Amino acid sequence: DAAAAVAILGEALGADDAAQRDASLWANRSAARLAAGDAQGAREDAERAAQLAPGEVKPLYRLAKACEKAGDALAAREACKRALKLDPDNAQLLQFFKALPRS
């Protein structure tokens with residue numbers, strides 16, 4: 001379940017300094033937090049993942065999803081734009097971007 005995943009990933013992130021620099025742990029906890037209904041926590045984790053892995057699409061997609069769920073369509077669109085610069089042919093990302101409100 002999502003709450004258990006959040007707890008397990010939280011423990012993993014607290015394990016050591018290397019875990020704190022692992023973008024995939026932050027991105028995965030972002031997804032778990034979003035599934036648990038914590039859009040703001042998901043956004044914070046996705047922002048951290050995106051900082052740690054600026055050349056990766058996954059953290060930016062997670063950031064876009066979290067922003068959208070938090071009601072910030074503008075930030076979601078910006079995260080999508082950043083991700084699309086990295087992977088302009090990503091069908092899932094393009095579909096999500098097109099479905100976002102423009103304001």
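Q: At what angle do helix α3 and helix α5 pack, and how far apart are their axes?
A: This is a predicted model, where local features need pLDDT of at least 70, side-chain atom pairs count only at pLDDT 80 or more, and totals for chains, interfaces and linings use all residues. Residues are numbered from 1 along each chain as its sequence is written, and side-chain values use heavy atoms, leaving out hydrogens and water. Helices are DSSP runs of H or I with at least four residues, numbered from the N terminus, and axes are lines fitted to C-alpha atoms over the stretch in contact, with angles from 0 to 180 degrees between N-to-C directions. Helix α3 (residues 23–35) and helix α5 (residues 57–69) pack at about 25°, with axes 10 Å apart.

Q: Which word describes how α3 and α5 lie to each other?
A: Let's use the angle of about 25° again. Angles under 35 degrees count as roughly parallel. The two helices, α3 and α5, are therefore roughly parallel.

Q: Which residues of α5 are met by A27, N28, S30, A31 and L34 in α3?
A: Contact means heavy atoms within 4.5 Å. On the α5 side, the partners are K58, R62, K65, A66 and K69.

Q: How many residues of the contact of α3 with α5 are nonpolar, polar and charged?
A: Ala and Leu are among the nonpolar residues, Lys and Arg among the charged, and those outside the nonpolar and charged lists are polar. The contact divides into 4 nonpolar, 2 polar and 4 charged.

Q: What share of the residues of the chain count as buried?
A: Buried means under 20% relative accessible area, using a 1.4 Å probe and protein chains only. Of the chain's 103 residues, the buried share is 41%.

Notes: Angles under 35 degrees count as roughly parallel, over 145 as roughly antiparallel, 65 to 115 as roughly perpendicular and the rest as oblique. Buried means under 20% relative accessible area, exposed over 50%, partly exposed in between (1.4 Å probe, protein chains only).
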